[in-house]
Amino acid sequence: MTSKIDVRMILIDHFDTFRDEATGKVSYPDYILMVGVPAIAALIFLILGIQIGDMVVGTLVSVFAIFAGLLFNVQVLMYSFSDDESAKNKSIRDRLLHQSFANISYAIVVSLLIVFLLTVILFVDGIPQRIVETLIVFFASNFFLSLLMVLKRMHVLLRAKFGG
């Protein structure tokens with residue numbers, strides 16, 4: 001893969017945030033939450049035979065395309081926030097900013113992947129369609145949980161900035 005579109009570093013950085021803050025060791029509960037729960041949701045979706053209709057596909061494409069754009073803007077805002085020299089605990093702030101940046105970058109990649117998969121679903125039928133739908137549910141669930149993780153980190157950062 002050409003280095004210009006290689007997203008492996010984004011994936012590595014994102015999954016590297018799944019660490020216990022106190023010990024720095026890998027947090028298996030984080031992996032269970034961020035990968036296991038979406039896998040269970042996708043499996044339930046598959047077992048119940050729920051299909052993603054064409055009307056839903058159009059709506060989801062719009063939702064995830066808008067999210068991708070908004071998340072790019074959040075990254076720009078985070079970059080400007082990183083220049084703030086008045087931070088009380090710069091090392092914690094920088095770590096949280098780096099983790100949030102990694103998680104937002106990952107969420108952008110996932111949202112673009114979902115838009116791609118939603119486009120593919122319009123051209124496949126039968127078993128390939130079920131596989132793609134299952135992947136969409138997995139990644140959409142993972143995307144939602146990733147946004148919650150970013151929200152928590154940004155809340156901690158801004159709370160500290162505003163004296164909370």
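User: Contact means heavy atoms within 4.5 Å. With neighbours within four places in sequence left aside, which residues are in contact with N142 in this model?
Analyst: The model is a predicted one. N142 lies in helix α5, which covers residues 127-161. Once its neighbours within four places in sequence are left aside, the residues in contact with N142 are M34, P38, Y106 and V110.

User: Is N142 buried or exposed?
Analyst: A residue is called buried when its relative accessible area is under 20%, and exposed when this area is over 50%. The relative accessible area of N142 is 1%, so N142 is buried.

User: How many helices and how many strands does the protein have?
Analyst: From the N terminus on, the elements run α-α-α-α-α. The secondary structure of the protein therefore contains no β element in this order, and the totals are five helices and zero strands.

User: Which helix has the highest confidence?
Analyst: The mean pLDDT of the protein is 92, and 97% of its residues reach 70 or more. Confidence is lowest in helix α3 (residues 54-82), where the mean is 91. The highest mean, 97, belongs to α2.

User: What share of the 164 residues is buried?
Analyst: The C-alpha atoms of the protein fill a box of roughly 55 × 35 × 30 Å along the principal axes. The cut-off for a buried residue is a relative accessible area under 20%. Among the 164 residues, the buried share is 33%.

User: Among contacts with a separation of 6 or more, what share joins residues 24 or more positions apart?
Analyst: The question concerns contacts in the protein with a separation of 6 or more. Of these contacts, the share accounted for by residues 24 or more positions apart is 75%.

User: Where is S27 placed, and is this residue buried or exposed?
Analyst: S27 stands in the loop between α1 (8-16) and α2 (28-48). Its relative accessibility is 11%, and the limit for a buried residue is 20%. Because 11% falls under that limit, S27 in this loop counts as buried.

User: Which residues does S27 touch, not counting those up to four places away in sequence?
Analyst: S27 and D16 are 11 residues apart in sequence, and their C-alpha atoms are 9.7 Å apart in space. With residues up to four places away not counted, S27 touches F18, R19 and D20.

User: Which residue forms a salt bridge with R19?
Analyst: R19 counts as partly exposed because its relative accessibility is 33%. The side chain of R19 meets its partner at 2.9 Å, N to O. The partner has a relative accessibility of 41% and also counts as partly exposed. It is D16.

User: How many salt bridges does the whole structure contain?
Analyst: One of them joins R8 and D6, with the closest N and O atoms 2.6 Å apart. Another joins D94 and R93, where this distance is 2.8 Å. A search of the whole structure finds a total of five.

User: Is R93, the partner of D94, buried or exposed?
Analyst: D94 has 34% relative accessibility and counts as partly exposed. R93 has 6% relative accessibility, so R93 counts as buried.

User: How is D6 classed, given that its salt-bridge partner is R8?
Analyst: R8 counts as exposed because its relative accessibility is 53%. D6 has a relative accessible area of 24%, which is why D6 is classed as partly exposed.

User: Which element gives the largest share of the lining of the largest pocket?
Analyst: About 360 Å³ of space lies in the largest pocket. The elements that give two or more residues to its lining are α2, α4 (90-121) and α5. The largest share, six residues, comes from α5.

User: How many charged residues are in the lining of the largest pocket?
Analyst: The lining consists of 17 residues, and E21, Q99, M149, K152 and R153 lie nearest the centre of the pocket. By class, nine lining residues are nonpolar and two are polar. The number of charged residues is six.

User: Which residues does S100 touch, apart from those up to four places away in sequence?
Analyst: S100 is found in helix α4, and at 0% relative accessibility S100 counts as buried. S100 and L147 are 47 residues apart along the chain, yet their C-alpha atoms are separated by 9.6 Å. Not counting residues up to four places away, S100 touches M78, V150, R153, M154 and L157.

Note on methods:
Residues are numbered from 1 along each chain as its sequence is written. This is a predicted model: local features need pLDDT of at least 70, side-chain atom pairs count only at pLDDT 80 or more; totals for chains, interfaces and linings use all residues. Side-chain values use heavy atoms; hydrogens and water are left out. Helices (H or I, at least four residues) and strands (E, at least two) are DSSP runs, numbered from the N terminus. Buried means under 20% relative accessible area, exposed over 50%, partly exposed in between (1.4 Å probe, protein chains only). A salt bridge is a side-chain nitrogen of Lys or Arg within 4 Å of a carboxyl oxygen of Asp or Glu. pLDDT is the predictor's confidence in each residue, from 0 to 100. On a 1 Å grid over the protein atoms alone, a cavity is a set of points where a 1.4 Å probe fits but cannot get out, and a pocket is an open set with protein on both sides within 12 Å along at least five of seven lines; lining residues have an atom within 4 Å of a point. Grid points are joined across faces, edges and corners, and a volume is the space filled by probe spheres set on the points. Ala, Val, Leu, Ile, Met, Phe, Trp, Tyr, Cys and Pro count as nonpolar, Asp, Glu, Lys and Arg as charged, and the others, Gly among them, as polar.
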